[in-house]
Amino acid sequence: MSDRDNTKEGGRERDIRIEKLARLREMGINPYPYRFQRTHSIEEVRKGEETLLPEEVEIAIAGRIMSARGHGHTSFGNIKDDTGSIQFYIKDADVDEKTWALYKMTDIGDIAGIWGVLFRTRTEELTVKVRKIELLSKAILPLPEKYHGLQDKELRYRRRYVDLIVNDEVMEVFRTRTLIIDTVRDYLRQHNFLEVETPILQPLYGGAMARPFVTHHNTLDMTLYLRIADELYLKRLVVGGMERVFEFCKDFRNEGMDRSHNPEFTMLECYAAYWDYNDMMGFLEEMYARVCEKVLGTTSIKYGEHEIDLAPPWKRLTFFRSLEEKTGVDLTVADVAEIEKVAKKHNIDIGGVTGRGALLDELFSELVEPGLIQPTFITDHPVEISPLAKMHRSTEGLVERFEPYIAGFEVANAFTELNDPIDQRARFEDQVRMRKEGADDMHPIDEDYLRALEHGMPPTGGLGVGIDRMVMLLTDSSSIRDVILFPQMRPEHGREADKD
RNA sequence: GGGCCGCUAGCUCAUCUGGUAGAGCACCUGCCUUUUAAGCAGGUGGUGCUGGGUUCAAGUCCCGGGCGGCUCACCA
């Protein structure tokens, strides 16, 4: 990419604004000064109207000029800060010459500070009558059109800064995202969970079934992987005596991208010693409902077409029972041939699917998953697809696991953690076997993790919650890109931009 | 990866079966002292994503490439 490409952005309007920079400097005005002393945020101005307006208190606010409506000797406009937007009014007779001249040179998009007093216009709009203006940062690129704003999704994702300036609802989504995370964190702390940080760069990846990103450490001259989960590290900490731990974990998975998958995403994982998956189920539904209540003031949400009620208790349905409801067959002890027969009967393409667990999983995602709109815990999965979960206490071939579904999304994943080191080794070895048979996302053996288990891990309940999906549900966003500030994109100018 | 759709002024969009581009907003000039998608008059601004091809002539038709959206597949 050459400089020329950059200079062209904004066209002639950019050139005009650059010329203004020079003219401003000639007037003795620094278009990029160092600080500004605000007296109020715009929200505080609105809240303080009762005293600020009648007493004509001079206020100082700062923000971005969003519009201007000139009328010759006067002008109206709007200025916007972090907390809101307010109208300003400037009249040449009210201000000194220099202020008027400066105002005439400010453009929509500039950052400015304003001193003035409040009044209400004929139409009763609360307005700041300008006494003085200070230019705080000259924008040399114009903002998008005031009415339609920035619509193009590609530009909105690539230039999130502009998206945030002009599309207020985008700012709102990301504020909500933060509120959600804060609320989850509060909930965990109230339950005496300790927040920790574990490695993102891992010599061995694990804790989920996914292909990793691979990188290299020069000094150590070794391959490192970006974590696909922090599960195995958190459980090491449980072994170490941290009885309740959690981490908001940025995970990286080198797989397909679509409406609900970004290569990097945020997962909450938490582990509680002496809990089992039943404890975790109650803990999660309570957490979800509490967060929803905090964010929306209610536990019922609208997501696309659906009205969903998150109030606990959520429906519980075992994995095999859910399949039986759709197929009429209990597959709990069925062998591969039997499962294939059922798949064929339901016209499910099982080409490339190998192994009993994967087959069952395929059946489940085709037949059951799309119909799970109201919150539902799917429980007690087949052991083949759950190498880190403990054997079910009463049914052979199953593990103690649950996955809650909302609006057809899997929103979490949890188990009674496998803490038997001998069994865990056997499960890892099974994974390696399946990997040799062609499944390339199976779990590698982590010897150090096994050693940790050999020191004894208390019975433990573990939970992973997809934070991005939680945000999607609570903000009625149909794409994960709408809840990640900077979603992954190809370079603007194709592969050439990738070169050094 | 497949299918469908899109890419034209800074932004939002037009341009019918091919005849070298147009509007609104923004910007510039002038008028306008309570407007709010302010108004009125005039004006500037284009590598039509990119590279080929067909044609007297391509934004438009054909082929390759790029980026994006939706969707299916893959994938938890």
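Contact here means that heavy atoms lie within 4.5 Å of each other. The structure is a predicted model. Chain A is divided into domain 1 (3-143) and domain 2 (165-314 + 374-498). This briefing begins with the surroundings of one residue, T460, and then turns to a helix, the two domains, the salt bridges and the cysteines.

**The surroundings of T460**

- T460 lies in strand β19, which covers residues 460-466.
- With a relative accessible area of 0%, T460 is buried.
- If neighbours within four places in sequence are left aside, T460 is in contact with V238, Y271, A272, A273, Y274, W275, F415, T416 and E417.
- The side chain of T460 also reaches the backbone oxygen of P458, at 2.7 Å.

**Helix α9 and what covers it**

- Helix α9 spans residues 231-239 and is mostly covered, since 7 of its 9 residues are buried.
- The buried residues of α9 are E231, L232, Y233, L234, K235, R236 and V238.
- One of them, V238, is also among the residues in contact with T460.
- The cover over the buried residues of α9 includes the strands β7 (201-202), β10 (244-252), β11 (264-273), β18 (412-416) and β19, together with helix α15 (447-454).
- Just after α9, G241 takes a positive phi of about 110°.

**How the two domains meet**

- The C-alpha centres of domain 1 and domain 2 lie 46 Å apart.
- Contact between the domains involves 5 residues of domain 1 and 4 residues of domain 2.
- The size of an interface is often given as the accessible area lost when the parts come together.
- Domain 1 and domain 2 bury about 430 Å² between them, and 50% of this area is on carbon and sulfur atoms.
- On the domain 1 side, K80, D82 and L143 lose the most area to domain 2, together 63% of what that side buries.
- The interface of domain 1 and domain 2 holds 2 salt bridges.
- Across this interface there are also 3 residue pairs in polar contact.

**Salt bridges**

- How many salt bridges does a search of the whole structure find? The search finds 36 salt bridges.
- K80 and D168 meet through their side chains in a salt bridge, with a distance of 2.8 Å from N to O. K80 belongs to strand β2 (residues 74-81) and D168 to helix α8 (residues 168-190), so this pair ties together parts that are 88 residues apart in sequence.
- Are the partners in this bridge buried or exposed? K80 counts as buried at 19% relative accessibility, because the cut-off for buried is under 20%. D168 counts as partly exposed at 48% relative accessibility.
- A salt bridge also links R175 and D82, whose closest N and O atoms are 2.8 Å apart.
- R177 and D468 form a salt bridge through their side chains, at 3.0 Å from N to O. R177 lies in helix α8 and D468 in helix α16 (residues 467-475), so the pair ties together parts that are 291 residues apart in sequence.
- Both partners of that bridge, R177 and D468, are buried.
- R189 forms a salt bridge with E195, and their closest N and O atoms are 3.5 Å apart. R189 is partly exposed, with a relative accessible area of 47%, and E195 is also partly exposed, at 31%.
- Salt bridges that share partners join E13, R17, K20, D107, D110 and K138 into one network.

**Cysteines without disulfides**

- The structure holds 0 disulfides.
- Why does C249 form no bond with the closest cysteine sulfur? The sulfur of C249 is 12 Å from that of C270, which is too far for a bond, because a disulfide requires two cysteine sulfur atoms within 2.5 Å.
- The sulfur of C292 is likewise too far for a bond, as the closest cysteine sulfur, in C270, is 19 Å away.
- C249 is buried, with a relative accessible area of 0%, and C292 is buried with a relative accessible area of 0% as well.

Note on methods. Residues are numbered from 1 along each chain as its sequence is written. Chains are lettered from A and ligands numbered from 1 in the order in which they are written. This is a predicted model: local features need pLDDT of at least 70, side-chain atom pairs count only at pLDDT 80 or more; totals for chains, interfaces and linings use all residues. Side-chain values use heavy atoms; hydrogens and water are left out. A salt bridge is a side-chain nitrogen of Lys or Arg within 4 Å of a carboxyl oxygen of Asp or Glu. Helices (H or I, at least four residues) and strands (E, at least two) are DSSP runs, numbered from the N terminus. Buried means under 20% relative accessible area, exposed over 50%, partly exposed in between (1.4 Å probe, protein chains only). A polar contact is a pair of N or O atoms within 3.5 Å; within protein, one must be able to donate a hydrogen and the other to accept it, and residues adjacent in sequence count only if both atoms are side-chain atoms. Domain bounds come from an automatic or database domain assignment. Buried area is the accessible area (1.4 Å probe) that two parts lose on being put together, summed over both.
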